[in-house]
Each structure stands twice: as C-alpha cells, then as structure tokens.
Amino acid sequence: MLMFNGHEQSLFDFREIVTRDEKGLVASIGNTLKAILKIARLQRAGQLALVHVHLGDNASAVRKGLLTVVARWLGARVLLHLHAVVLRQQWIDGGRLRRWLIGVPFRAASTNVVLGDGWKSWLISDLGVPANRVDVVPNGVPVPEYAPRDHLGKTNDIRLLFIGNLLHRKGVDDLVEAAKLVAPGDIRWKLTFLGGGDVEGYRKIAQAAGLGDRLEFAGWADAAGVAQALASADAMVLPSYHEGLPLVILEALGAGTPVICTPVGAIPEFLRDGDNAIFVQPGDAPGLAAAMHRLIETPALRQSLGDAGRRDYETTFSLPAFRRAIFSIYGDRLGLTPELPAGGARG
C-alpha cells in the first residue's frame with residue numbers, strides 16, 4: 001500500500017500496489033520491478049508519504065523484503081507489516097546466511113508491525129531490531145451485520161464448520177480423525193469443510209471411514225459464502241499446527257460463532273481458553289473430539305463463547321479498532337498525521 005501526500009499536510013490518499021501475479025513467477029517479478037519503479041518516481045517527486053508493506057511467507061518474503069530494502073535506500077518511509085506464519089521457523093532452521101537475509105528487511109524498515117508478542121521478541125532479540133521500531137497490532141477484519149445468535153435455542157442438528165485450505169498443516173487430517181472419535185449421542189451433527197485443496201481425496205477418506213453422512217466437503221467459497229456459512233454454523237473448528245492470527249477466527253468471533261482452535265502463533269495472546277474459545281493442542285485428535293462433543297452437547301457453552309467472542313471482536317478485532325491502532329503508529333513512529341477516513345483507507 002502506498003500513501004501519497006495530499007493537497008494539505010494532514011490529508012493523504014491511500015493506493016494499493018500489487019507485486020504478486022497469478023500468471024506465475026515471471027509476472028510476479030515484473031510486478032515487483034514495476035512497484036519499485038513507481039516508488040522511486042513518486043519519492044523523487046516528493047509525493048510519497050509512506051510505503052506500507054505486507055510481508056508473508058516464502059515468495060512474499062522475498063518480493064516484499066526486496067521492495068522494503070530498495071524503498072528505504074531511495075529514502076522512503078517504510079512500515080513493514082509481518083503476516084508470515086512459518087518465516088520464524090525458517091529462520092530457526094536456517095544457516096547464518098539465511099538468518100541474515102531474513103533479518104535485513106526488518107532492520108531496514110522505518111518501523112515494523114507484528115501480530116503478537118512472540119514475533120515482537122523475535123524481531124528485537126534475534127533479528128536486532130530496536131524495540132522502538134516494533135509494535136504489536138492484531139489483525140482487523142470487516143464482518144457483515146450479523147443477527148444476534150441464539151445458541152440456547154439450538155439443541156439438535158448442530159453444524160460444525162472448518163474454513164481453510166484442506167492441508168495437513170491446517171489440521172484437516174486430525175479433524176477427520178476426531179470426527180471418528182466424537183462420542184455417540186442423541187444429537188445430530190454435521191461438519192462442513194469449506195475450502196480448496198484435495199476435496200475429492202478427503203471425501204473418499206470420509207466415506208471409507210463411514211462418515212459420509214457426517215462430513216461434507218463443500219469446496220471453495222467466496223467472502224459472501226463464508227459469511228453465510230458462519231452465520232448458520234454452531235461452532236467453527238481450526239486445529240492448525242502453524243498460524244499467525246487467522247482472519248477466519250476473527251470472522252467467527254464477529255459472527256458470534258464459538259471457536260475451537262489450537263493455541264499457536266498469536267492466538268493465545270488474544271483468545272482465552274474457556275472464555276472466548278476452546279483450545280486443543282495440535283495433533284490431539286482425542287482432545288479435539290472431546291471439545292467438539294462438549295460444544296455439541298452444551299448450548300450454554302456455545303452461547304457464552306459466542307457472546308464473549310463478539311464482544312472481543314468489537315473492541316479489538318473490528319476494522320475501526322485496527323485503523324485506530326495503525327494510524328496511531330503512523331503518527332507516533334513516522335510523524336504522519338493522516339485523517340482517519342470515515343469509509344476506511346483503501347488497500
């Protein structure tokens with residue numbers, strides 16, 4: 001995202017700049033070079049207030065890291081916003097050269113934003129970034145205007161929901177195994193997997209295990225489909241092995257949908273076991289089955305988790321809360337005072 005100087009010092013215009021292309025590696029490289037040239041042109045013209053870089057894993061880390069370093073070399077202010085999931089583990093597993101290369105963009109950036117204290121400690125203690133150039137801001141996500149949830153009135157036909165790519169890292173195999181172990185009872189329930197990946201392969205596994213009537217693999221859904229699924233779900237389950245602060249969990253909180261998840265990444269910094277979520281350790285299929293059974297059987301627990309999640313969404317994870325935190329960093333760390341737009345910044 002680029003932030004341009006406006007006609008008045010306190011006004012800025014936000015624009016999105018894209019480096020990734022679905023057309024492949026060559027196109028992505030071309031987009032990155034175009035982005036660098038655009039930054040250079042605007043910086044020379046005195047029109048560039050800030051480059052806000054969103055850095056993820058793997059190819060994103062390479063592209064955005066390069067863009068960060070070059071933009072700083074050109075004299076631009078750069079806020080590097082870390083969204084990576086496995087980058088820290090890659091740093092741990094890497095040799096001296098890889099560790100040095102991973103740390104370069106963070107040390108070069110004017111300031112950094114991370115999702116939780118674990119990443120903040122990593123940047124400061126391991127990558128050598130000064131403490132006054134690292135801030136923690138949880139993700140913010142917009143959600144529709146959901147109707148108030150009445151979990152107490154739902155005592156049968158319980159709908160559980162998984163949202164994400166069908167990957168082992170997301171705990172899909174553990175979730176299928178847990179479904180086999182859910183204690184039998186009189187309450188009917190169904191678990192829907194919403195996401196791309198090996199849909200047909202997992203569907204065959206479920207059928208072979210005798211779970212064809214319990215597990216539904218619905219494939220990919222757009223934002224409207226996700227919102228509709230969350231509105232009708234009685235609980236969302238995300239038993240990942242690695243995460244940052246998943247937007248899908250925040251979307252579930254905003255919908256008042258109870259969450260079962262693993263305490264990985266920044267999740268345990270913002271969610272509380274038994275209060276606004278239920279925690280299960282990664283790979284613990286029996287524990288996952290027990291948590292699912294508990295929510296299926298206990299409407300009052302679903303209600304308390306959903307209500308607490310909705311309150312926390314409003315105060316911490318809503319888009320207005322996120323904007324206030326980011327704009328505060330623009331001012332405190334970078335000396336910029338853009339007006340907070342009523343409709344939100346683009347990009």
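Helices here are DSSP runs of H or I with at least four residues, strands are E runs of at least two, and both are numbered from the N terminus. The model is predicted, so to speak of local features a pLDDT of at least 70 is needed, side-chain atom pairs count only at pLDDT 80 or more, and totals for chains, interfaces and linings use all residues. Residue numbers start from 1 along each chain as its sequence is written, and side-chain values use heavy atoms, leaving out hydrogens and water.

**View 1. The end of helix 11, at Glu 297.** Glu 297 lies in helix 11, which runs over residues 285–297. At 35% relative accessibility Glu 297 counts as partly exposed; the scheme calls a residue buried under 20% relative accessible area, exposed over 50% and partly exposed in between, using a 1.4 Å probe and protein chains only. Setting aside residues up to four places away in sequence, Glu 297 touches Gly 185 and Ile 187, where contact means heavy atoms within 4.5 Å. For a sense of distance, pick Asp 126: its C-alpha sits 46 Å from that of Glu 297, with the two positions 171 residues apart along the chain.

**View 2. The whole chain, zoomed out for context.** Count up the secondary structure and you get 13 helices and 12 strands. The radius of gyration is 22 Å, close to the 20 Å from the globule rule for 347 residues, so the chain is as compact as a globular protein of that length. That radius is taken over C-alpha atoms, and the rule is 2.2 Å times the number of residues to the power 0.38. The C-alpha trace spans about 70 × 45 × 40 Å along its principal axes, and 50% of the 347 residues count as buried. Of the contacts between residues at least 6 apart in sequence, 68% join residues at least 24 apart.

**View 3. Helix 2 and its cover.** Helix 2 takes in residues 59–73, 15 in all, and reaches 21 Å from first C-alpha to last, close to the 21 Å expected at 1.5 Å a residue. The expected span is 1.5 Å times one less than the number of residues. Its buried residues are Ser 60, Ala 61, Arg 63, Lys 64, Gly 65, Leu 67, Thr 68 and Ala 71. Their cover includes helix 1 (25–44), strand 3 (48–55), strand 4 (78–82), helix 3 (87–93) and helix 4 (96–108). After the helix comes Gly 75, with a positive phi near 95 degrees.

**View 4. Two non-glycine residues with positive phi.** Asn 58 sits in the loop between strand 3 and helix 2. Its phi is positive, about 55 degrees, although Asn 58 is not a glycine, and its relative accessible area of 48% makes it partly exposed. Asp 157 belongs to the loop between strand 6 (134–136) and strand 7 (158–163). Phi of Asp 157 is positive too, near 55 degrees, and at 39% relative accessibility Asp 157 counts as partly exposed.

**View 5. Phe 193 in strand 8.** Phe 193 is part of strand 8, residues 189–194, and is buried, with a relative accessible area of just 1%. Leaving out residues up to four places away in sequence, Phe 193 touches Phe 162, Leu 166, Val 172, Leu 175, Val 176, Leu 215, Glu 216, Phe 217, Ala 218 and Gly 219. Take Ala 218: 25 residues away in sequence, but 6.0 Å away in space, C-alpha to C-alpha.

**View 6. Leu 161 and helix 6.** Leu 161 is in strand 7 and buried at a relative accessible area of 3%. Apart from neighbours within four places in sequence, its contacts include Leu 191, Thr 192, Ala 229, Ala 233 and Val 237. The C-alpha atoms of Leu 161 and Val 237 are 6.0 Å apart, though 76 residues separate them along the chain. Strand 7 also serves as a packing partner for the buried residues of helix 6, along with strand 8, helix 7 (199–208), strand 9 (215–219), strand 10 (235–238) and helix 11. In helix 6 (residues 172–181), those buried residues are Val 172, Asp 174, Leu 175, Val 176, Ala 178 and Ala 179.

**View 7. Val 137, buried in a loop.** Val 137 lies in the loop between strand 6 and strand 7, and at 3% relative accessibility counts as buried. Among the residues Val 137 touches, beyond four places in sequence, are Val 113, Leu 115, Phe 322 and Ile 329. Leu 115 is 22 residues away in sequence and 5.4 Å away in space, C-alpha to C-alpha.
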